[in-house]
Structure formats: structure tokens, C-alpha cells
Amino acid sequence: TLLKLGKSVDIILQNKISQGYSKIIGGHRVNKTFIPNRKNYDLVILVDCSDLDRTVDNLKSMGKFMVVIDHHYGCDPIGDIYLYERAASTGIIIYKIIKKMIAIDKDIANALYLTIRSDTGSFKNGSTDAKAHEVTGDLLIRGADVQ
């Protein structure tokens with residue numbers, strides 16, 4: 001979404017991403033780890049992580065401003081903006097944000113669908129609710145591929 005808005009984006013990873021997701025996130029980002037050395041970003045967005053100790057070292061110092069988007073209940077707020085919402089998946093929160101910014105196309109729908117499906121344990125976790133199904137239903141209408 002940020003790329004479609006003309007923003008320069010790096011995905012900071014400490015774990016490799018499986019080749020199976022190359023169609024969703026782009027083959028050039030698969031099976032790579034990217035942790036920038038001394039690069040200073042205007043904005044760091046931390047998603048689905050309620051504790052800085054669970055991500056790369058010095059993440060907060062990599063940016064001038066940090067936004068954290070999370071759905072884990074009972075965690076201490078971190079970052080300059082801490083967006084918490086009780087939801088089955090952080091993907092549901094991001095879906096609501098994206099809908100206000102840009103049209104959700106097939107690529108975005110696929111990424112969000114995968115996020116929600118993964119976060120809900122394929123819709124089997126106790127946190128899975130009607131909203132999770134409502135959002136994923138809309139993503140399917142917009143072209144998400146369940147495979």
C-alpha cells in the first residue's frame with residue numbers, strides 16, 4: 001500500500017520469508033533478511049508486535065517516529081503512536097486503515113487475507129469472530145486467493 005502511495009519502503013526482517021509467499025510479497029523479498037545498518041528512517045511502523053525485545057535490536061533508534069499497530073491485549077504501549085484495537089488479527093486493523101487511504105486491489109487483498117488467516121490459525125483460534133469473517137469475505141470479493 002505504501003509503495004502504491006509513492007513511498008519508499010524497506011521491510012526490516014530478522015527471519016527469512018518462505019518462497020511460498022513470493023507471489024504475495026514479491027520474489028525479490030523472499031529468503032532474505034534485511035536489517036539496515038545505521039539507516040535513519042522518517043517513520044518506522046511496527047506491526048503485530050507488542051514488545052520491542054521481540055524484534056531487531058535498536059529498532060526504535062532507526063526512525064524519527066515510530067507507529068505500533070497491534071491487537072495483543074494487555075501490553076504496555078510502545079512507540080510514538082500506539083494503535084491498539086481488540087481484533088482477531090492485526091490485519092483487520094490494517095484493513096480498516098488501508099480502506100481509508102487507497103482502493104484494495106488483488107495484491108493488497110491477498111496480503112491482508114494471508115495475515116488474517118495466519119493470525120487466526122486458519123480461523124480456528126478462539127479470537128476468531130464475525131468481524132474476521134466479514135473482512136476476509138470482503139477481501140475475497142476484492143480478489144484474494146485462498147490458496
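**Close-up views of helix 4 and its surroundings in a predicted model**

**View 1. The exposed face of helix 4.** On the face of helix 4 that is turned away from its buried side lie the exposed residues Ala130, Glu134 and Ile141. The model shown here and in the other views is predicted. Helix 4 comprises the 12 residues 130–141, which at 1.5 Å a residue should span 16 Å, and the 17 Å that separates its end C-alpha atoms agrees with this expectation. Just after helix 4 comes Gly143, whose phi is positive, at about 110°.

**View 2. The buried side of helix 4.** The buried residues in helix 4 are Ala132, Val135, Thr136, Asp138 and Leu139. Because they cover an arc of only 155° around the axis, these residues lie on the same side of helix 4. The elements that cover the buried residues of helix 4 include helix 2, which runs over residues 90–101, and helix 3, which runs over residues 106–119.

**View 3. The packing of helix 3 against helix 4.** The axes of these two helices, helix 3 and helix 4, come within 9 Å and cross at roughly 150°. An angle over 145 degrees counts as roughly antiparallel, so helix 3 is roughly antiparallel to helix 4. The crossing in which helix 3 passes helix 4 is left-handed. From helix 3, the residues Ala109, Leu112, Tyr113 and Ile116 take part in the contact, and in helix 4 they meet Ala132, Val135, Thr136, Leu139 and Leu140. Of the helix 4 residues in this contact, Ala132, Val135, Thr136 and Leu139 are also among those that are buried.

**View 4. The loop between helix 3 and helix 4.** Three residues of this loop are picked out here, namely Ser122, Phe123 and Thr128. Ser122 has a phi near 55°, a positive value in a residue other than glycine, and with a relative accessible area of 41% Ser122 is partly exposed. Phe123, likewise a residue other than glycine, has a positive phi near 70°, and its relative accessible area of 21% makes Phe123 partly exposed. Thr128, by contrast, has a relative accessible area of 18% and is therefore buried, the cut-off for a buried residue being under 20%. When residues up to four places away in sequence are not counted, Thr128 touches Ala88, Thr120, Phe123 and His133.

**View 5. The surroundings of Val44 in strand 1.** Val44 belongs to strand 1, which covers residues 44–47, and its relative accessibility of 5% means that Val44 counts as buried. Leaving aside residues up to four places away in sequence, Val44 touches Leu59, Met62, Gly63, Phe65, Met66 and Val67. One of these partners, Gly63, is 19 residues from Val44 in sequence, while the C-alpha atoms of the two residues are 5.5 Å apart in space.

**View 6. The whole protein, as a setting for the close-ups.** The protein contains 4 helices and 3 strands, which follow the pattern α-β-β-β-α-α-α when read along the sequence. Of the 147 residues in the protein, 35% are buried. Among the contacts between residues at least 6 apart in sequence, 39% join residues that are at least 24 apart.

Definitions and conventions
Residues are numbered from 1 along each chain as its sequence is written. This is a predicted model: local features need pLDDT of at least 70, side-chain atom pairs count only at pLDDT 80 or more; totals for chains, interfaces and linings use all residues. Side-chain values use heavy atoms; hydrogens and water are left out. The expected span of a helix is 1.5 Å times one less than its number of residues. Buried means under 20% relative accessible area, exposed over 50%, partly exposed in between (1.4 Å probe, protein chains only). The arc is that of the directions from the helix axis to the C-beta atoms. Contact means heavy atoms within 4.5 Å. Axes are lines fitted to C-alpha atoms, for helices over the stretch in contact, and angles run from 0 to 180 degrees between N-to-C directions. Angles under 35 degrees count as roughly parallel, over 145 as roughly antiparallel, 65 to 115 as roughly perpendicular and the rest as oblique. A crossing is left-handed if the near helix is turned anticlockwise from the far one by less than a right angle, and right-handed if clockwise.
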